[in-house]
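Hi,

Here is the structure I promised to pass on. Have a look at it, and then read my notes underneath.

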Amino acid sequence: MKRNMAMLLSVVLLGLSLTACTSSNDSASDLKAPSKSDSSSATPALSGDDLAFSKFPNPVDVHIGMVVDPTDKTLPEGDSVSNNQYTRYLKEKYNINVIVDWTAATGNDFKQKVSLTIASGKLPDGMVVDDRSFMTKAASSGLLYDITDLFQQYQSSQVKDIMASTDGRAMENASYKGKMVSLPNITVDTDGVHVLWIRKDWLDKLQLPVPKTTSDIEKTAKAFIDNKLGGDKTIGIAGPSKNSFPYSTFLLSSNNMGGFDPIFGAMDAYPGYWLDNGDGSVSYGTLTDNTKNTLALLADWYKKGLIDPEVGTRDNVGDPINANQAGIFFGPWWNGGYGNGDSFKNDPTANWQAYPVYSDDNKWNAHMKTTGSTYTIISKNAKPDVVKAILIMNNALVRDEATFDLSVAVGWYPLRNVMAAANETEYEYAELLKVLKGETQPEDYNKPNSLYKLMYADAKKVKDVIKAPFDDLNVSNFNTANFGDFQRLYSIMIGDRPFTTIPIDKKVFSVTYNQTPTMETKWANLKKMEDETILKIILGQAPIDSFDKFVKDWKAQGGDEITKEVAELLKK
Amino acid sequence: MRKLGHQKHYYLMLLPGMVWLVMFSIVPMFGIAMAFQNYNPGNGLFKSEWVGLDNFKYMFQLNDSKTVILNTFIIAVGKIVFNLLIPLIFAILLNELRSLRYKKLVQTVVYLPHFLSWVIMSTIVIGIFGYYGVVNTIIGMFGVDPKLFMADAGIFRQLLIGTDVWKEFGYNAIIYLAALTGVNPNLYEAAAIDGANRWQLIRRVTLPALTTTVVLLGVLSLGNVLNAGFDQVYNLYNPLVYSTGDILDTWVYRLGLQNLQFSLATAAGLFKSVISFVLIFISYRLAYRYADYTVF
């Protein structure tokens, strides 16, 4: 009986959140927030960065919902989510009171909470969401504040530069129907360019060259397995786990650790992306012949045992990599370093190196990501002062992040939404190399408000971490004493090297990185079909010809309709 | 009326429960309206556009809905049947043991998994059935190639039912063991004097004593037939086994909380509730008829 009640309850859970949470937020902020006339009379004299970092004459309460990393232990005894060094900093410098309405743990917990918050229509003043569909759902439901004008007024020069480094893509990403409704997250472009990560020390042991094409990779993976370089359970190529994807898609266009993106690129296939055919029409990349051919190749590799037999069902792709069982995997720049730290701890000679994968005619094709995938959204019901406060909080984070005492994780900063220049890692790669070679001094980078906010701090550390010779960096060049610094510098100097030093022959952008109206109802079904078909083909559970049936079904079940909508976007 | 006056403290004690019921069970019922709307959070429940049965029509157009309903039934019925039978057999066998200490030990060990959540259990299950797991090691000794069980849609349902039974049979056996302690020992002694052997004792004394309990539990679980176990499936499945492992609850979760299709998810949830309601109704009728059991 209890279970049945619980079941009935769960059905109407969505409804509960809807009726139970009637306007508790706005009334609370009404009480303390200064009246509008007060603040607007206090600010007009200021402009530019003075305005962007202005202190409120009266305290402003900002209600937020916040994600909390349950494993983080860096918050000192006695401090809390709403009273810590970051909230005190905001209080002292800007007179901003951060009030945390609710918290949720990283991952699905937080996603559920955000989803329910949106469903109930009662957002806190500000929260950071980690999926564009959350932002667009809230915007299309009329829940978000139009910050177009306030942002123009209140952005700091640094934020302005960072926005500009994306050629308008960040602004578009943060907007809904032409109105800016959120602060975008801007991450480095190289997050979306996936490269081949390979154990160079294993290659050297077998006296093999660095593989360039897919057939080279096949031979190399086979050699790794035949020689059991990772022990009895050696895996040639690690693949996606059950929580990652065979390839990035237009909705999740970056940071896909373990996906096969470079292999698809080498076959000139861009599954999951909306491709501009050049004649005014668009096609969905998954449906192309090139994708089918790549799947046939991957299925062949799987059959030959070159790909992790447990691909698609593992909890975490990082497990076999960190256990040093795998010789090859694919992922963006930070995957070697940040992504597989334990691999180095378990075997200090694990010389992971990153390279592009070339097509048979020697081209490097890469799909490109959108600017970022998290968004600070602001409730329609927030007072103008609260909106200004949120913009100032963002400015302050961008300017001062490098100066904070990071022994308390910066994740505790309220409404933290990363903004980095799109080319930050490339800039750092080049400049850090100069510092290493003695061409420049760390002090040369001591520029407050610099677009590259971590550059100075990194320049001061780089010589402690990296030893000569500097021209061909291997893991033996690195000092792991400070592991955090090691991870960052390894990721930049090794992981970002291909993107920085080798021009990409073909950069493919998706026509859209957003959902069209029909997608909002039909995409879930189509995506499920796609995920199922692709994995089954790779694992040999379905014949390659089932691909044709998938294409037909996909088109019939709303795919054609959606393709038309995306083609409309192209005309604009 | 005088009676009421005497009992008013009882009614007072009832009050918190009633308030709770109204707040968390009756008021949220209005949320069901979402199933008949194109729900827009900005407009709320009262101003969202009414669309009648559109959400239901769309739901049944999707191939998914049929797969999901079928999976839910098969998995849930399988679990009900095996969760009745295995604990029953186990309880009878345990009852035959002479050593009390050994009996206690076995009982404690087998009911431990009940206290682990599926989050933890799923890791164990994946470990056991993984490519390099225990099962593959064992069948490998007989020269069978390792299989990827977690990715095999053909056996995923059996795996779900099997692991659920494994987790719960020790705990479920308690109720049978309790019923067995109620059996009059005279019956066994009398039967033994009449020359019954052990097998005959089980058939003629133990089983009849348990029949009512089995029927009652079986009938009651009918109301649960659409609860195939969200926690378990969610933690164990992957796209490769959607075709046989996706159930109503996981589907509603993906639609509503991951894809933000609130109305469609509510419609699917309501559909499940209505069927469950009918089944509960039937099961109580059956329970009354065959086991003489009533709640009210």
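**What I found**

Counted over all chains, there are 34 salt bridges, a salt bridge being a side-chain nitrogen of Lys or Arg within 4 Å of a carboxyl oxygen of Asp or Glu. Before the details, some housekeeping. This is a predicted model, where local features need pLDDT of at least 70 and side-chain atom pairs count only at pLDDT 80 or more, while totals for chains, interfaces and linings use all residues. Residues are numbered from 1 along each chain as its sequence is written, chains are lettered from A and ligands numbered from 1 in the order in which they are written, and side-chain values use heavy atoms, with hydrogens and water left out.

On confidence: chain A averages a pLDDT (the predictor's confidence in each residue, from 0 to 100) of 89, and 92% of its residues score at least 70. Over residues 1-43 of chain A, though, the pLDDT is below 50, and this stretch has 61 contacts in the model beyond near neighbours in sequence; contact here means heavy atoms within 4.5 Å. Where pLDDT is low, the predicted coordinates should not be read in detail.

Now the interface. Chain A puts 50 residues into the contact and chain B 57 residues. About 4600 Å² is buried between chain A and chain B, with carbon and sulfur atoms giving 63%; buried area is the accessible area (1.4 Å probe) that two parts lose on being put together, summed over both. Two salt bridges are counted between chain A and chain B. One of them pairs B:Asp64 with A:Lys528, closest N and O atoms 3.0 Å apart. On the side of chain A that touches chain B, the largest share, 10 residues, comes from α23(A) (helices are DSSP runs of H or I, at least four residues, and strands runs of E, at least two, numbered from the N terminus).

Within the chains, which residue does A:Lys437 form a salt bridge with? The partner is A:Asp471, with the closest N and O atoms 3.1 Å apart. A:Lys437 sits in the loop between α19 and α20 of chain A and A:Asp471 in the loop between α20 and α21, so the pair ties together parts 34 residues apart in sequence. A:Lys437 is partly exposed at 39% relative accessible area, and A:Asp471 is exposed at 65% (buried means under 20%, exposed over 50%, partly exposed in between; 1.4 Å probe, protein chains only).

A:Asp485 and A:Lys461 form a salt bridge too, at 3.4 Å between the closest N and O atoms. This pair links helix α21 to helix α20 of chain A, 24 residues apart. A:Asp485 is buried at 16%, whereas A:Lys461 is partly exposed at 27%.

In chain B, the side chains of B:Arg198 and B:Glu96 meet in a salt bridge (2.9 Å, N to O). B:Arg198 lies in helix α11 and B:Glu96 in helix α5 of chain B, so parts 102 residues apart in sequence are tied together. B:Arg198 is partly exposed at 43%, and B:Glu96 is buried at 17%.

Two buried residues to click on: A:Val159, in helix α10 of chain A, has a relative accessible area of 0%. Past four places in sequence, A:Val159 touches A:Phe151, A:Asn394, A:Asn395, A:Val398 and A:Met419. B:Lys167, in helix α9 of chain B, is buried at 5%, and the residues in contact with B:Lys167, leaving aside neighbours within four places, include B:Trp118 and B:Met121.

Cheers
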